Amino acid sequence: MKLLTKTLFLCLAVCLSKGAPAPPEDVAAEDGGSVAALPDRCAGIEFDAITPDEKGKTFFFKGAHLWNGFSGPAQPSNEFFKELDEIHNIGHVDAAFRMHNIENPDDHDHIYFFLDDKVFSYYNHTLEDGYPKEIQEDFPGVPSHLDAAVECPKGECGADSVLFFKGNDVHAYDIATKAVKTKAWSHLPVCTSAFRWLEHYYCFHGHNFTRFDPTSGEVSGSYPKDARSYFMECPNFGHGGGYKVPKCSEVKIDAITTDDAGKTYFFAGPIYMRLDTIRDGLHAFLITRAWKEVPGRVDAVFSYTDKIYFIKNDQVYIYKAAAHYTLIEGYPKSLKEELGIEGHVDAAFLCPGEHTVHIIQGQKMIDVDLTATPRVVTQEQSLFLENVDAGLCGPEGIKLFKGSQFYNYESAKTLAASRIAPVPQNITSAMMGCQD
């Protein structure tokens, strides 16, 4: 909870980072040997590799340059991974991925770069002793001269794995057994780079990308799509509604919840953000992208028994969290019909393992028993704190958000009994990615 609150809020739009290398031939030199122009990914280029590091910063590589995150100019790749040039003078990489191997902390979160028949292993941007090595030494059965690579954790693949791409062939490497299964995915474009982000998998080709299933290669939806509208900030491109990163002093969230799978979402205006994905970077999306029936801003959100409840005006929308957020038939329903209450809702939260949702309306907290049919109000209590925007309950207690600050309470009981507000804490850039 502390980590989630510390990562809280937004890079309120396309929150990402910088990075990736461009080849020597991509860098023009004039008579004096001075560098002319840096590669511009907004012009539409094909990436050599894409990978996050252990801190969640995503690097996009092209030739001898990289972009460190989803915004900003290209930089020389050897400023971040200097041994790539010092040891091998490679100028570029063929493929890269971040290892997911929790059972082996010596490898977990390390970045692997591939060039020809060599592999480089980095951690904290430092090359590990003994590298570079032959690819076969670390990944037996995996071919050289790869096109792309991407990690695939257990649960998304059958076991912790790495998918290596070469032409239309995909070599699925089991990290534990070192077994390799080769598949032909001719229906998928030839990937020049691959990227796992927010539990989805993307094949990049040209300046486009195609989302695919990591076990079958199946493509669902309308693809390819232009990467400039989704994975970088470019003029005249975008899909996030044009939102900009706010100042921390101006932050205001409407709702926040953690579902049964541990996914934490916060909502502000027409956007939402996953907060438990800090290792992959934070990113804002339109609410209608995931919950298309909920129009614009919400008043409160809470989670219960693998379902997410949205309260907007006097309506309640309930979605099955495990079914790609499918609206349950018959919804929305009125607040009165669903929860037995009326009036504007400021915030709502449910503590782990409990069956009572605490609903804040002005300076009163109403408890509703979710096991009862129909739902009934079991208790109504006065609160000292007023003008609450959102609430979240977790193992470390309750956090109530009010403007750009939040208040900690040990429990719902102490919240109701309190007659003096705790010292408020300011939302900071470390918490939410906002501008201090």
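This is a tutorial dialogue on reading the features of a predicted model.

Colleague: Before the details, how many helices and strands does the protein chain have, and what share of its residues is buried?

Modeller: Bear in mind throughout that we are reading a predicted model. The protein chain has 7 helices and 34 strands, and buried residues make up 54% of its 436 residues. Among the contacts with a separation of 6 or more, 48% are between residues 24 or more positions apart.

Colleague: How should I read the nonpolar cores, and which residues have the most contacts inside the largest one?

Modeller: The general idea is that nonpolar side chains in soluble globular proteins tend to be buried together. In this structure the largest nonpolar core has 56 residues, and those with the most contacts inside it are Phe204, Phe231, Phe267, Trp291, Phe302, Phe310 and Leu339. Taking Phe204 as a case, and leaving aside its neighbours within four places in sequence, we find it in contact with residues including Phe47, Ile50, Val190, Phe195, Phe209 and Phe231. A second core, separate from the largest, has 29 residues, among them Phe80, Ala96, Phe113 and Phe120.

Colleague: Turning to open spaces, what is the volume of the largest pocket, and which residues are closest to its centre?

Modeller: The volume of the largest pocket is about 1300 Å³. Its lining consists of 44 residues, of which His200, Arg211, Arg289, His324 and Tyr325 are the closest to the centre. The elements that contribute two or more residues to this lining are strands E15 (200–205), E16 (208–212), E20 (271–274) and E25 (326–327), together with helix H4 (287–290). Sorted by class, the lining of this pocket has 21 nonpolar, 9 polar and 14 charged residues.

Colleague: How many cavities of 30 Å³ or more does the search find, and which residues line the largest cavity?

Modeller: A search of the whole structure finds 1 cavity of 30 Å³ or more, and the volume of the largest cavity is about 30 Å³. Its lining is made up of Phe165, Gly167, Asn168, Val170, Trp185, Leu188, Pro189, Val190 and Cys191; by class, that is 7 nonpolar and 2 polar residues, with no charged residues. Val190 and Cys191 also appear among the contacts of Phe204.

Colleague: Now for the strands: how is the sheet that contains E1 arranged, and why is one side of E1 and of E4 left without a neighbour?

Modeller: Four strands form an open sheet in the order E1-E2-E3-E4, with antiparallel pairing. Strand E1 (49–52) and strand E4 (75–76) stand at the edges and have a single partner strand each, so one side of each is left without a neighbour in the sheet. Within this sheet, strand E2 (residues 58–62) and strand E3 (residues 65–68) run antiparallel and are joined by 4 bridges, and the bridge partner of Phe61 in E3 is Leu66.

Colleague: What do E27 and E28 form, and which way do the residues of E27 point?

Modeller: E27 and E28 form a hairpin with 5 residues between them, and Gly353 in the turn has a positive phi of about 80°. The two strands, E27 (residues 347–350) and E28 (residues 356–361), pair in the antiparallel sense over 4 bridges, and His358 in E28 is the bridge partner of Phe349. From E27, Ala347 and Phe349 point one way while Ala348 and Leu350 point the other way, and all are buried.

Colleague: In the backbone, which peptide bonds are cis, and where do their prolines lie?

Modeller: One cis peptide bond runs from Tyr131 to Pro132, with omega near 10°, and Pro132 is found in the loop between strand E8 (126–127) and strand E9 (133–134). The peptide bond from Thr373 to Pro374 is also cis, with omega near -5°; Pro374 lies in the loop between strand E29 (364–369) and strand E30 (376–382).

Colleague: And for positive phi in a residue other than glycine, are Leu198 and Thr305 buried or exposed?

Modeller: Phi of Leu198 is near 55°, and this residue lies in the loop between strand E14 (193–197) and E15. With a relative accessible area of 12%, under the 20% cut-off, Leu198 is buried. Thr305, found in the loop between strand E22 (300–304) and strand E23 (307–312), has a phi near 45°. Its relative accessibility is 40%, so Thr305 counts as partly exposed.

How values were computed: Residues numbered from 1 in each chain as written. Predicted model: local features only at pLDDT ≥ 70, side-chain atom pairs only at ≥ 80, totals over all residues. Heavy atoms only, no water. 1 Å grid on protein atoms, 1.4 Å probe; cavity = no way out; pocket = protein on both sides within 12 Å on 5 of 7 lines; lining within 4 Å. Points joined across faces, edges and corners; volume = space filled by probe spheres on them. Nonpolar A, V, L, I, M, F, W, Y, C, P; charged D, E, K, R; others polar. Core = buried A, V, L, I, M, F, W, Y, C linked by side-chain atoms within 4.5 Å. Buried < 20%, exposed > 50% of the residue type's maximum accessible area, 1.4 Å probe, protein only. Contact = heavy atoms within 4.5 Å. Pairing = 2+ DSSP bridges.
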